[in-house]
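The following exercises ask the student to read a structure step by step. Each task is followed by a worked solution.

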Amino acid sequence: MAFRSFLKKSSSSSGSRMTIPSDQAPPKVVIGQQTDSGRFAGYSHDDLNSFDPSSAEYQVYHVQIPMTPDNRSVTAGGRSADLVDPAISARVEEHYISNSLFTGGFNVVTQAHLMDRVTDPAAAADHNNKNSSTCSIRGCDSKVYKNQHGDDVLPCDCSFKICAECFADAVKTGGGLCPGCKEQYKTTEWKEVVAGANNDHDDEDEEQTLSLPPPPPMGPAGKLERRLSLMRPVSQGRKGDQFDQNRWLFETNGTYGYGNAIWPDDGGEAVADDDDDDENGGDGGGGGGGGGHRNGGHGDPKELFNKPWRPLTRKLKIPAAVLSPYRLLILVRLVALALFLQWRIRHKNRDAVWLWGMSIVCELWFSFSWLLDQLPKLCPINRAADLSVLREKFETPTPNNPAGKSDLPGIDVFVSTADPEKEPVLVTANTILSILAADYPVEKLTCYVSDDGGALLTFEAMAEAASFANLWVPFCRKHNIEPRNPESYFNLKRDPYRKKVGADFVRDRRRMKREYDEFKVRINGLLDTIRRRSEMYNAREEIQAAGQQRERVGDEPIEPMKTPKATWMADGTHWPGTWIQQSKDHSRGDHAGIIQVMLRPPSDLPTKGGGDDEKPMIDFKDVDVRLPMLVYVSREKRPGYDHNKKAGAMNALVRASAVMSNGPFILNLDCDHYVYNSKAFREGMCFMMDRGGDRICYVQFPQRFEGIDPSDRYANHNTVFFDVNMRALDGLQGPVYVGTGCLFRRTALYGFDPPRAKEYYPTKKRKVRRVGSEETRALRATDLDDGGGAMNLAAFPRRFGESSFLIESIPVAEFQGRPLGDHPSVKNGRAPGALLVPRRGLDATVVAEGISVVSCWYEEQTEWGRRVGWIYGSVTEDVVTGYRMHNRGWRSVYCVTPGRDAFRGTAPINLTDRLQQVLRWATGSVEIFFSRNNALLARPRMKVLQRIAYLNVGIYPFTSAFLIAYCFLPALSLLSGQFIVQTLDVAFLAYLLAITVTLFLLAALEIRWAGIGLEEWWRNEQFWLIGGTSAHLAAVLQGLLKIVAGVEISFTLTSKSAGEEGDDEFADLHAVKWTSLMVPPITIIMVNVMAIAVGVIRTVNSVIPQWSQLLGGVFFSLWVLAHLYPFAKGLMGRRGRTPTVVYIWSGLLATSVSLILVLVRSPSANHFTFP
């Protein structure tokens, strides 16, 4: 295709490969030339403006790559002098990469610091040592697998020792020949090798295959067909050659039925059954398979070919008995509001026009705000995913997938953290462990940790988590542990032994609990360890510097030298990131980029445990002990660059992951949000891989929280938003992106339009002939489209940056993210089995390119942050990013996992922290309203109701001004002796009653179809008023200051709970931290309480009491106070520990009330008028 030929042209014109003598310095790889691994590196940043695809020479930048682990010289042809098997060399390279810390950045040489000694392949193994239990393949030091009796598993009669991974490499790349005797292996299946070794002592092994005479081969199937059952058609009439049922059962370990049989058609050509033995039935379209082996050359049996196609997801509509009355009530309340406002405008209170005018303006705005909030709720839906169908289509043996390997696409998980003090590393480590233990194919999962603070504490904590994962992850797989966050699991209130029938579960759990306690001790002691280590090394440096100075000066008096107080790593070298005592090149805003592969990419085949140690602490026999790849990333930061906070860190991870793993899907999680449901990844993948899933930009999961007080005083669970509003948006174009717990399609983040955009959103432009390949037509962006459907390749470097690694990965990610093309109605699908090929391993060039794409200068003159990736310019970058995707025509999906929540996290339960959080959200909404992301400027591709929902996101903070005024109206009414209406007319009371009743009926129906509680709805109403009278008003003022005066807004991170054990789990709930945001609600409370007292006293002492006006004013004042009750309770703190500030405010309130009482009871009370 044109895209690939462009890359080949640019790389092939760069010249020949370099020659590196072994006695010289580490080689410098010119990025822009083809490397020994066959990859293409990026061209220069300086030459971007003069970029010409047809030119043969480029101005290139250089990165320094350390010597390869084997330290061999390279000839002019680019080949090693001592040839090594490529598979073995790749494994050694990965071992080297995983033990090296890569650093670099702008005008800084990219270097690799070897954290651990790498075994030299020349001395890795002794080929003639038959007593060794290590693999005899050169360059591999893995242990040889042992059977259940402790004997080495040897697949060849020559007793050549080989590990499982090297055996798989020999089968794939070596033609199935033994590396020792060069003879053909008797079997190429590792399971059969292990089963044969165990059969010498145990005849009950289920995977044993008997050596029976094979039937004669038919057609081109050859060796594989001998393992499949054979049934001949009756029409052939071969009575003498009968089918041996017993022989078939022994050979295939099969059972009777359709699942394992091979049918030849009438022409004599064998066809394979496409069904499978899964308990959920077959799926002809999905490509299911049976228990035996399959051959891709066979067809399908005619009687099973047309079996019904099964979708991966389905919509669960709200019952009409609930939804129809709900929509009718919305219409009724809308009419009642219109009639009420009409009556209020016509019936003016001439005695208090100012009071009437204020109330009319507020009521008009409240009606408009309610309409914006209610209209997007007209079409709520629920969704459900079928995990059994996903497993049947992607992980069962089929003719295209004989071994039953996973055909699911890869997922890159992003975890972001910035400050280890406010985001405890123990919380982050538990999140990482829950991700590594998720129920998803190990080789398809990669976890990236973004440390935006560049702290050594976070780095070493992640290293400890990677080490502990070797025990925790297999333990979770062995006993099916839920949740797979060790802190949450060991703190479960329920019985941990419930539904656990394993004989060794109690012993394993006790040992794992002891290991986790030791792990926590190490994590909690890391800060002191780093400090003591750094002090020791710094003292040594000072002594050495003083000695050197004394040698130079002699006996002359000298002043003590000031050496930088560095932060030291465990191997005695300087930490390249942020030091504890910050200095130049080692501060939060000034440090080099860092990448460390903490867990290397796993092998393609399962690796069973239990064969290495004679007495393992926990028996992991028959448990896959592989771990997903774990990468630590800290992007480069330099003074003078705008790093764009979390959005910039996420974009750096997008680029680094595209270079290193290139998963077509990205899941982002906050450091305090862990995987609560190990199958959540599969739930989200059901929507992406279903029919029409290629038009889904992201799958948003609801946020659920732990550590919230039982009464949920400040509505931290936010269930009304996550269970009502988000379900309703799911019936439109999709839910908004809320910042965490979201599974993205990578190409949607790249700013491309959804597939078939012109079919869904036709334009009036003239038709242009479609050009380009299928891949180029699938990657189309409105601002890059030339009108013919092909990509503008010359604009890609300006859009995505200089790295050709990154550009090369884009069409690959798009193809791998396509749904399975197993049905004619699935458009833009891929063939089954297309993702069975193992991904390419890492080498030093790839990691060095990762360093370059996370550098501070990479985004200059590109579209990152404007049209690509997370969008910059707002503190709520999540909402803006989702809005841009919906604006291009993408749709999103809301996934509520049944039974168990997908993810769980922590939320601030302290009043001040909660108000600060709401302030940040509201400020972002104000920024959105005054930016080009305002929904009023949306493109026609966004649906009308979806546009209204986004418009409400930008408008809701402005309700605060009207809300504060309305909260003062009852007090002003009581103090002035007037009311918002002339008299309490029957029509006014009827309209008011209708509006109130319909509001509560709507709330009841929302509770019904959303499944929330009445208390949760009431808490949401209370905090809506608390936030509206405090944080929202401050957000509007800050947003206006930024727009008018250009004042930048800065926020601090929300502190996360470390989950420490203590006497009071909710101690933070009772802490009172004074903030200016508390002034408006306190003032409202004081004024309303004072007004009630004044109104009652005046009415009692008056000659003609106006009880109706008093009743109206008191009712509305009590309504305000009832909503502010959680706020007042939060000010009181813990019982007996009321803070001083509350006493001060109480004294002022008591004094004010006393003065008013004196004034009311004075002789001139009858002539009292409101000032």
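**Exercise 1.** In which sense do S16 and strand S21 pair, and over how many bridges?

*Solution.* The model under study is predicted.
Step 1. Strand S21 comprises residues 903-906, and S16 pairs with S21 in the antiparallel sense over two bridges.
Step 2. One residue pair can be named: Tyr 674 has Arg 904 in S21 as its bridge partner.
Step 3. The wider arrangement is an open sheet of three strands in the order S16-S21-S18, with mixed pairing.
Step 4. Strand S16 (674-675) and strand S18 (704-706) are at the edges with a single partner strand each, so each has one side without a neighbour in the sheet.

**Exercise 2.** Determine which residues UniProt lists for "binding site", and explain why they gather at one spot.

*Solution.*
Step 1. The unreviewed UniProt entry lists Lys 646 and Asp 670 under "binding site".
Step 2. These residues span 25 residues in sequence, but no two of their C-alpha atoms are more than 10.4 Å apart, so they gather at one spot.
Step 3. Lys 646 is placed in helix H15 (residues 645-660), whereas Asp 670 belongs to strand S15 (residues 665-670).
Step 4. Neighbours within four places in sequence are set aside. Lys 646 is then in contact with Ser 416, Asp 670, Gly 739 and Glu 877. With residues up to four places away likewise not counted, Asp 670 touches Val 415, Ser 416, Thr 431, Lys 646, Gly 739 and Thr 740.

**Exercise 3.** Classify Lys 646 as buried, partly exposed or exposed.

*Solution.*
Step 1. The relative accessible area of Lys 646 is 25%.
Step 2. Buried requires under 20% and exposed requires over 50%.
Step 3. Lys 646 is therefore partly exposed.
Step 4. The reasoning can be repeated for Glu 541, found in helix H14 (residues 526-553): with a relative accessible area of 28%, Glu 541 is partly exposed.

**Exercise 4.** Describe the spans 353-372 and 1078-1097, which are among those annotated "transmembrane region" in the unreviewed UniProt entry.

*Solution.*
Step 1. Residues 353-372 are 100% helix and 0% strand, and their end C-alpha atoms lie 29 Å apart.
Step 2. Residues 1078-1097 are 95% helix and 0% strand, and their end C-alpha atoms lie 29 Å apart.
Step 3. The annotation also covers residues 320-341. Leu 331 is found in helix H7 (residues 320-346).
Step 4. Leu 331 helps to make a nonpolar surface patch of about 490 Å², together with Leu 328, Val 332, Leu 334, Val 335 and Leu 339.

Methods
Residues numbered from 1 in each chain as written. Predicted model: local features only at pLDDT ≥ 70, side-chain atom pairs only at ≥ 80, totals over all residues. Heavy atoms only, no water. Pairing = 2+ DSSP bridges. Helix = DSSP H or I, 4+ residues; strand = E, 2+ residues; numbered from the N terminus. Buried < 20%, exposed > 50% of the residue type's maximum accessible area, 1.4 Å probe, protein only. Patch = residues over 30% accessible without salt bridge, like charges linked within 9 Å, V, L, I, M, F, W, Y side chains within 5 Å. Areas by Shrake-Rupley, 256 points an atom, 1.4 Å probe, with all protein chains shown as cover. Salt bridge = Lys/Arg side-chain N within 4 Å of Asp/Glu carboxyl O. UniProt positions renumbered as here; feature names shortened; annotations may be inferred. Contact = heavy atoms within 4.5 Å.
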